[in-house]
Amino acid sequence: METEEIISQAQQRLLQKREALGVTDSPIRLISKPDEGESFAAPSCLMTEEEIIEIQRKALAPPGMSIFSSGIPVRYQKCNFETYSGNDKLIAGLKSYAEAGESIVLTGGTGTGKTHLAVAIMRHINYESSRFVTVPSLLMEIRDSFRPNATASEADIVDKYAYCRMLCLDDLGAEKTSEFSIATLYLILDKRVSNLRQTIITTNLSLTEVEATLGARIASRLSEMKIARITAPDYRKRRAQ
């Protein structure tokens with residue numbers, strides 16, 4: 001969806017609210033040139049702060065990234081294949097896998113650009129209904145669903161990640177292993193594989209280490225995916241030199 005269409009839809013919602021509230025003299029200012037840093041503002045009686053932030057997020061999304069691709073951290077939002085300094089053969093292979101709808105496991109040491117490449121794949125395919133989440137954050141979100149005042153159940157959260165068109169699970173293996181985390185991860189992966197949903201996984205672990213840490217069932221699911229081993233030097237260390 002183009003920025004102009006996003007803004008047009010937002011403006012229509014605001015005008016409908018103005019009419020419903022009988023507010024005829026409250027100003028409405030919308031983003032017209034986001035690349036030049038213009039901001040969005042609206043009276044609180046017409047739009048909540050959360051709604052304003054959401055419009056800003058959508059209208060200012062990096063070019064080429066679907067506004068439906070949620071959860072990508074700010075530091076990675078501009079990552080793409082062109083800004084990855086690495087093996088051209090690797091990039092060509094990842095593009096081919098992604099375009100064929102294959103799920104991909106990016107495995108390699110710390111700082112080798114796995115997350116960069118995962119986001120680049122998301123940008124390259126640009127599906128609607130895409131999600132990015134670190135595995136520790138996902139498990140924390142599920143654990144929070146057991147709180148008395150939780151607004152979403154464990155099943156709601158599992159389905160949220162199990163059925164989106166593309167899911168990036170970042171940093172698999174970084175969490176402390178437990179029966180709960182292993183069972184939850186397997187449930188999500190199994191649902192995704194069974195429903196032909198594309199998954200991108202980054203991990204510091206080899207498949208052998210995944211099996212030893214997370215169990216044979218999860219390792220088996222990952223073995224069905226395309227495995228891309230990233231052997232580049234630690235980018236963070238190189239940048240600090």
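Trainee: How do helix H5 and helix H7 cross, and how close do their axes come?
Mentor: Keep in mind that this is a predicted model. In it, the axes of H5 (residues 135-144) and H7 (residues 179-194) come within 11 Å, and they cross at roughly 105 degrees.

Trainee: Roughly perpendicular or roughly parallel, then?
Mentor: H5 is roughly perpendicular to H7, because angles from 65 to 115 degrees fall in that class.

Trainee: Which residues make the contact?
Mentor: From H5 you have Val135, Leu138, Leu139, Ile142 and Arg143. H7 brings Phe180, Ser181, Thr184, Leu185 and Ile188.

Trainee: And what does that contact look like by class?
Mentor: Between H5 and H7 there are seven nonpolar residues, two polar ones and one charged one.

Trainee: While we're on H7, what about Leu187? Buried, partly exposed or exposed?
Mentor: Leu187, which lies in H7, is partly exposed at 38% relative accessibility. Its C-alpha is 9.3 Å from that of Ile218, with the two positions 31 residues apart in sequence.

Trainee: Let me zoom out. How many helices and strands are in the protein chain?
Mentor: The chain has 10 helices and six strands. It runs to 241 residues, and 40% of them are buried.

Trainee: What share of the contacts join residues at least 24 apart?
Mentor: Taking contacts between residues at least 6 apart in sequence, 74% join residues at least 24 apart.

Trainee: Got an example of residues like that? Try Ile230: where is it?
Mentor: Ile230 sits in strand E6, residues 226-230. Its C-alpha is 6.0 Å from that of Thr107, though 123 residues separate the two along the chain.

Trainee: Is Ile230 buried or exposed?
Mentor: Ile230 is buried, at 6% relative accessibility.

Trainee: And what does Ile230 touch?
Mentor: Leaving out residues up to four places away in sequence, Ile230 touches Tyr84, Leu90, Leu106, Thr107, Gly108, Gly109, Thr112, Lys114 and Leu117.

Trainee: Switching to Thr115. Where does that one sit?
Mentor: Thr115 is in helix H4, which covers residues 114-125. Thr115 counts as buried, because its relative accessibility is 13% and the cut-off for buried is under 20%.

Trainee: So what does the Thr115 side chain pair up with?
Mentor: The Thr115 side chain makes a polar contact of 2.8 Å with the side chain of Asp170. Setting aside neighbours within four places in sequence, Thr115 is in contact with Tyr76, Phe132 and Thr202 as well as Asp170.

Trainee: What's going on with phi at Asp171?
Mentor: Asp171 has a positive phi, near 70 degrees, and is not a glycine. Asp171 is in strand E4, residues 166-172, and is partly exposed with a relative accessible area of 32%.

Trainee: And what is phi at Leu196?
Mentor: Leu196 also isn't a glycine, and its phi is positive at about 55 degrees. This leucine is in the loop between H7 and strand E5 (198-203).

Trainee: Is Leu196 buried or exposed?
Mentor: Leu196 is exposed, with a relative accessible area of 73%.

Trainee: Now the cysteines. How many disulfides are there?
Mentor: The count comes to zero disulfides. For a pair to be counted, its sulfur atoms would have to be within 2.5 Å.

Trainee: Take Cys79 then: buried or exposed?
Mentor: Cys79 is buried, with a relative accessible area of 8%. Cys164 is buried too, at 3%.

Trainee: Let's do a couple of lysines. Where is Lys78?
Mentor: Lys78 is in the loop between strand E1 (69-70) and helix H3 (88-99). Lys78 is exposed, with a relative accessible area of 67%.

Trainee: What is Lys78 in contact with?
Mentor: Not counting neighbours within four places in sequence, Lys78 is in contact with Thr83 and Arg123. The C-alpha of Lys78 is 9.0 Å from that of His116, which is 38 residues away along the chain.

Trainee: And where's Lys160?
Mentor: Lys160 is in helix H6, residues 154-162, and it counts as partly exposed at 30% relative accessibility.

Trainee: Last one: what does Lys160 touch?
Mentor: Arg131 and Glu141, once you leave out residues up to four places away in sequence. There is also a C-alpha separation of 10.0 Å between Lys160 and Ser129, 31 residues apart along the chain.

Terms used:
Residues are numbered from 1 along each chain as its sequence is written. This is a predicted model: local features need pLDDT of at least 70, side-chain atom pairs count only at pLDDT 80 or more; totals for chains, interfaces and linings use all residues. Side-chain values use heavy atoms; hydrogens and water are left out. Axes are lines fitted to C-alpha atoms, for helices over the stretch in contact, and angles run from 0 to 180 degrees between N-to-C directions. Helices (H or I, at least four residues) and strands (E, at least two) are DSSP runs, numbered from the N terminus. Angles under 35 degrees count as roughly parallel, over 145 as roughly antiparallel, 65 to 115 as roughly perpendicular and the rest as oblique. Contact means heavy atoms within 4.5 Å. Ala, Val, Leu, Ile, Met, Phe, Trp, Tyr, Cys and Pro count as nonpolar, Asp, Glu, Lys and Arg as charged, and the others, Gly among them, as polar. Buried means under 20% relative accessible area, exposed over 50%, partly exposed in between (1.4 Å probe, protein chains only). A polar contact is a pair of N or O atoms within 3.5 Å; within protein, one must be able to donate a hydrogen and the other to accept it, and residues adjacent in sequence count only if both atoms are side-chain atoms.
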